[in-house]
Amino acid sequence: MNRLVVGGVIVGILIGVLVGFLWWGMPPRGAQADLDAARKRADGLERELDAARTGAQGLETRLKEAQDRLTAAEKDLALVKEMNLKLQRLVGRGKK
């Protein structure tokens, strides 16, 4: 009986070691799936970042155009004010 128990324990240990070694050598499927999911998320975030950069560049261009138009309008307004002032001086001289 003792020999049978000892033999069973040794066989059990050997089977456990063999299964553990084979399990350890197998690629971890859960980790690989997590890695694939993380790569997909990173790709998605990279596309979103590119889209945001493109949008920001478009907004910068529109802002620059609006600033240019504002500068031109301010110059035109200053010119019109100056011409108006000259006209008022001319008209004022005629009344005196």
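Ala31 is partly exposed, with 45% relative accessible area. This residue of the predicted model lies in helix H2. The chain continues from Ala31 to Asp43, 12 residues further along, and the two C-alpha atoms are separated by 18 Å.

A second pair in the sequence was examined in the same manner. Thr61 is also placed in helix H2. Its relative accessibility is 44%, so Thr61 counts as partly exposed. Thr61 and Leu79 are 18 residues apart in sequence. In space, their C-alpha atoms are 27 Å apart.

The overall fold was considered next. The protein chain holds 2 helices and 0 strands. Helix H1 covers residues 2–25. Helix H2 covers residues 29–95. Along the principal axes, the C-alpha atoms fill a box of roughly 140 × 20 × 10 Å. The radius of gyration of the protein chain is 41 Å. A compact globule of 96 residues would have a value near 12 Å.

Burial and surface were then computed for the protein chain. Of its 96 residues, 1% count as buried. Buried here means under 20% relative accessible area. The chain exposes about 9,200 Å². Carbon and sulfur atoms supply 65% of that area.

One nonpolar patch was found on the surface. Val5, Val9, Ile13 and Val17 make this patch, which has an area of about 350 Å². Val17 sits in helix H1. Its relative accessibility is 53%, and Val17 therefore counts as exposed. The cut-off for exposed is over 50%.

Charges were examined across the chain and in pairs. The protein chain carries 17 positive and 12 negative charges. The mean positions of these two sets are 7 Å apart. The structure holds 2 salt bridges.

One salt bridge joins Lys64 and Asp68. Their closest N and O atoms are 3.3 Å apart. Both residues belong to helix H2. Lys64 and Asp68 are 4 residues apart in this helix, so about one helical turn separates them. Lys64 has a relative accessible area of 49% and is partly exposed. Asp68 is partly exposed as well, with a relative accessible area of 40%.

The other salt bridge pairs Glu82 with Lys86. Here the closest N and O atoms are 3.6 Å apart. Glu82 and Lys86 also lie in helix H2. Because they are 4 residues apart, about one helical turn lies between Glu82 and Lys86. At 43% relative accessibility, Glu82 counts as partly exposed. Lys86 falls in this class too, at 47%.

Taken together, the predicted model shows a chain of 2 helices and 0 strands, with 1% of its residues counted as buried. Its radius of gyration is 41 Å, against a value near 12 Å for a compact globule of 96 residues. Helix H1 contains Val17, a member of the nonpolar patch. Helix H2 holds the salt bridge partners Lys64 and Asp68, as well as Glu82 and Lys86.

Notes. Residues are numbered from 1 along each chain as its sequence is written. This is a predicted model: local features need pLDDT of at least 70, side-chain atom pairs count only at pLDDT 80 or more; totals for chains, interfaces and linings use all residues. Side-chain values use heavy atoms; hydrogens and water are left out. Patches are made of residues with over 30% relative accessible area and no salt bridge: like charges are joined within 9 Å, nonpolar side chains (Val, Leu, Ile, Met, Phe, Trp, Tyr) within 5 Å. Accessible areas come from the Shrake-Rupley method with a 1.4 Å probe; for residues, only the protein chains shown count as cover. A salt bridge is a side-chain nitrogen of Lys or Arg within 4 Å of a carboxyl oxygen of Asp or Glu. Buried means under 20% relative accessible area, exposed over 50%, partly exposed in between (1.4 Å probe, protein chains only). The radius of gyration is taken over C-alpha atoms; the globule rule is 2.2 Å times the number of residues to the power 0.38. Lys and Arg count as positive and Asp and Glu as negative; His and the chain ends are not counted. The place of a charge is taken as NZ of Lys, CZ of Arg, CG of Asp or CD of Glu.
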